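I opened this notebook to keep track of what I looked up in one protein–DNA model. The sequence and the structure come before my entries.

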Protein chains: 2
Amino acid sequence: MARTTLTRDEVLAAAASLVKQHGPAALTMRKLAAELGTAVTSIYWHVGNRESLLDALVERTVQEMGAIRPVGRTPVERILSVARTLRRELRERPHLIAMVHERGLTERMFLPAQQALVHEVHAAGLRGARAADAVRAVQFQIVGYLLVERNRERSPVQSPAESELWDPRAAPDDPELARALARPADPERLFLLSVRALVHSLLTGPPPAPR
Amino acid sequence: MARTTLTRDEVLAAAASLVKQHGPAALTMRKLAAELGTAVTSIYWHVGNRESLLDALVERTVQEMGAIRPVGRTPVERILSVARTLRRELRERPHLIAMVHERGLTERMFLPAQQALVHEVHAAGLRGARAADAVRAVQFQIVGYLLVERNRERSPVQSPAESELWDPRAAPDDPELARALARPADPERLFLLSVRALVHSLLTGPPPAPR
DNA sequence: ACCTGAACACCGTTCAAGT
DNA sequence: ACCTGAACACCGTTCAAGT
């Protein structure tokens, strides 16, 4: 397919396309070579090996996660907007994000978001170590939530299903609770509710008690 | 090695041992056969194929995560004890937990914990849909946090390191904040601080505002 | 019912050889 | 500087054949 001489960028582009469509497991050196119309071994000249090819893809993804622009009137609202933006961007690149995660670069990918959080926590009046704790707590919560959510979506058919797990025996005196837990969660609503609750507590509450 | 006839349980035990020591990628059918002193193909008779062998290991792990016994005087403290217990148990089985996660069974593994949380949220006076939201928010936060923490630990050498990312330019008027963010986080402290803040807000705060 | 080796279709990677 | 095919050491899985 490559009418001109093969290029590292061409290799990366083809690899990214394979990963976006079918996930990282579908990215084999041989399929990639077929896609590019070259010998398998040419790829090695340009990218070293499969591992560093994946590294390069991950690096690209990290770069693509651009700066974050918080919107809203209060710090809480602006932090919520950051959370919402992150959720959207991550959901658009599930396979690549998973690779970033596997490579342990999630933290670095979230640096722009972290800086935005610092700004908002500051605006809310927190300083020093307390502000750092708040930033990290929110960041961990957002990232963690999204990992769990992704996991739920990839879930095979659960057996037993959540609805079977929550028959009324589990909470005999609160059938509405059992019914609510038997229903599937609304992830976006739960996400915003959780972030709001945590942020509210961190920004306005008293300092947490020592353990 | 198997002096007597090969058994499905023997296969599972040997496989679990390989995974615990070197992770799921090290579990190849050929190595497993060598470990058991049988032909590769014998294993197929007992467990079907590699995929269902992994499924069986995951199933075992889910069963092993026994019931949770909350301790403490207040609901908040008892929920914190659940969080601490989960953290410890997960950290003892990193590879197997990762496999559970990859298979989308994390939720099911956490059912005993979820039931404990229901009990505590109830004790704190929440009912119905509001209680269900609180349970799920806490559960998602705990699981999510542990996934992020695991990721951090597996992290290769970060480049640029967190400490380089946080030079004083990022927060010019708060050098203590920059210093705090440049230091590595204390995961257990941050974990308990986060859970405490979220739980406090969910159990005692006003209902969160609509979005 | 249980086990076997041979064979198949896949991998990633190395290397000497080409231009 | 860039590309090639052959070869190597691995995979998971199928299958006909043994007992």
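My entries below go from conventions to the protein interface, then to the DNA strands, and end with an internal salt bridge and the record.

**Conventions**

I am working with a predicted model, in which local features need pLDDT of at least 70 and side-chain atom pairs count only at pLDDT 80 or more, while totals for chains, interfaces and linings use all residues. I number residues from 1 along each chain as its sequence is written, letter chains from A and number ligands from 1 in the order in which they are written, and take side-chain values from heavy atoms, with hydrogens and water left out.

**Entry 1: chain B against chain A**

I looked up contacts first, where contact means heavy atoms within 4.5 Å, and found 66 residues of chain B in contact with 65 residues of chain A. The two chains bury about 5,900 Å² between them, with 62% of it on carbon and sulfur atoms; buried area here is the accessible area (1.4 Å probe) that two parts lose on being put together, summed over both.

How many salt bridges are there between chain B and chain A? I noted two, taking a salt bridge as a side-chain nitrogen of Lys or Arg within 4 Å of a carboxyl oxygen of Asp or Glu. One of these joins the side chains of A:Asp133 and B:Arg189, at 2.7 Å from N to O.

Polar contacts between the two chains come to 16 residue pairs, both residues at pLDDT 80 or more. A polar contact is a pair of N or O atoms within 3.5 Å; within protein, one must be able to donate a hydrogen and the other to accept it, and residues adjacent in sequence count only if both atoms are side-chain atoms.

On the side of chain B that touches chain A, the elements supplying at least two residues each are α6 (94-102), α7 (106-109), α8 (111-123), α9 (128-154), α10 (162-165), α11 (175-182) and α12 (187-204) of chain B. Helices (H or I, at least four residues) are DSSP runs, as are strands (E, at least two), and both are numbered from the N terminus. I wrote down α9(B) as the element that gives the most to this side, with 17 residues. By class, this side of chain B has 31 nonpolar, 16 polar and 19 charged residues, where Ala, Val, Leu, Ile, Met, Phe, Trp, Tyr, Cys and Pro count as nonpolar, Asp, Glu, Lys and Arg as charged, and the others, Gly among them, as polar.

**Entry 2: DNA strand C**

Which residues come nearest to DNA strand C? Of the 18 around this strand, I listed A:Arg30, B:Thr41, B:Ser42, B:Trp45 and B:His46, a residue being near a molecule or strand if one of its heavy atoms lies within 4 Å of it. Sugar and phosphate make up 54% of the atoms of DNA strand C that come within 4 Å of the protein.

The side chain of A:Arg30 places an N or O atom 2.4 Å from a base nitrogen of DNA strand C. Phosphate oxygens of this strand are approached by the side chain of B:Thr5, at 3.1 Å from an N or O atom, and by a backbone N or O atom of B:Ala39, at 2.8 Å. I noted that α3(B) gives the most to the surface near DNA strand C, with four residues.

**Entry 3: DNA strand D**

Around DNA strand D there are 18 residues, of which A:Thr41, A:Ser42, A:Trp45, A:His46 and B:Arg30 come nearest. A polar side-chain atom of A:Thr41 lies 3.0 Å from a base oxygen of this strand, whereas the side chain of A:Ser42 has an N or O atom 2.5 Å from a phosphate oxygen. A:Thr5 also has a polar side-chain atom 3.1 Å from a phosphate oxygen of DNA strand D. For the surface near DNA strand D, α3(A) gives the most, with four residues, and the classes are seven nonpolar, eight polar and three charged.

**Entry 4: a salt bridge within chain A**

Over all chains I have 24 salt bridges. In one of them A:Arg103 pairs with A:Asp55, the closest N and O atoms being 2.6 Å apart. A:Arg103 lies in the loop between α6 (94-102) and α7 (106-109) of chain A and A:Asp55 in helix α4 (residues 50-64) of chain A, so the pair ties together parts that are 48 residues apart in sequence.

**Entry 5: the record**

UniProt (unreviewed entry) lists residues 28-47 of chain A as "DNA-binding region"; its positions are given in the numbering used here, feature names are shortened, and annotations may be inferred rather than shown by experiment. In the model, residues 28-47 of chain A are 80% helix and 0% strand, with the end C-alpha atoms 13 Å apart.
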